[in-house]
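User: I want the reasoning behind the labels, not just the labels. Can you take me through it?

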Amino acid sequence: MRNLENHLGIKVGGQNIKNLRYAENTVLIAENKEDLQKLLNIVEEESRKKGLELNSKKTEVMVISRKQESPKCDIFINEVKLKQREKFKYLGTIISNDGKTNSEISARTAQAKINFQKMKTILTNKHIYTETRKSALQCYIEPVLMYGCEAWTISKQIQDKIEATEMWFLRRMLRIPWTERKQMREF
């Protein structure tokens, strides 16, 4: 990876970012397919020198673009064309080729609701103080919902969806039917 230092990646906050690494996972980043192919060739060559081999079946390519249809990006390892993906999961977060976070937020919402249901007997128990149940909600459910939120692209629609999910939790916790009109501040 040290041999990537002099190559271009993308500028983020004034810094040149070429790769993201966590344990055995690596993401190579470039502005165009030529630069990406160069980065991959360097990693492949340096890996081979150390007796390692890149697995072309486990290595994938994704183009992040604002265009309706994602541009094709033909990248190769040892003359094997890599599969191009529209989205993938990296470190528990769904990354999509449109740069938006709709699918990630939908997945987070679903997982948080599943976790709420697993803790339903505690979170809806009227014999436990409301403040204690709210603390449990904040401790065990909200982190699942908001995991990775620092990197989300938030639109009004997404904000409304998150708020609706929070309301879903509170209404179930306090056993208030959705047909009953209550303001958030009343909770």
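Analyst: What follows sets computed values against their cut-offs. Note that this is a predicted model.

User: Why is Cys-73 called buried?

Analyst: Its relative accessibility is 7%. Buried means under 20%. So Cys-73 counts as buried.

User: And why is Cys-149 called partly exposed?

Analyst: Its relative accessible area is 28%. The partly exposed range lies between 20% and 50%. Cys-149 therefore falls in that class.

User: How do you know that Cys-149 forms no disulfide with Cys-139?

Analyst: The sulfur of Cys-139 is the closest cysteine sulfur to that of Cys-149, yet it is 16 Å away. A disulfide needs the two sulfur atoms within 2.5 Å. That is too far for a bond. The structure holds zero disulfides.

User: What makes the span of α5 agree with a helix?

Analyst: α5 has 18 residues, so at 1.5 Å a residue it should span 26 Å. Its end C-alpha atoms are 26 Å apart, which agrees. After α5 comes Arg-175, with a positive phi near 55 degrees.

User: What do the buried residues of α5 pack against?

Analyst: They pack against α2, α3 (120-123) and α4. Among these buried residues are Ile-158, Ile-162, Trp-168 and Phe-169.

User: Which residues touch the most other members of the largest nonpolar core?

Analyst: Phe-116, Leu-123, Leu-137, Ile-141 and Phe-169, out of 17 residues. α2 (102-118), α4 (130-146) and α5 (156-173) each give two or more residues to this core. α5 gives the most, with six residues. Apart from this core lies another, of 11 residues, including Val-43 and Cys-73.

How values were computed. Residues are numbered from 1 along each chain as its sequence is written. This is a predicted model: local features need pLDDT of at least 70, side-chain atom pairs count only at pLDDT 80 or more; totals for chains, interfaces and linings use all residues. Side-chain values use heavy atoms; hydrogens and water are left out. A nonpolar core is a set of buried Ala, Val, Leu, Ile, Met, Phe, Trp, Tyr and Cys residues joined through side-chain atoms within 4.5 Å. Buried means under 20% relative accessible area, exposed over 50%, partly exposed in between (1.4 Å probe, protein chains only). Helices (H or I, at least four residues) and strands (E, at least two) are DSSP runs, numbered from the N terminus. The expected span of a helix is 1.5 Å times one less than its number of residues. Contact means heavy atoms within 4.5 Å.
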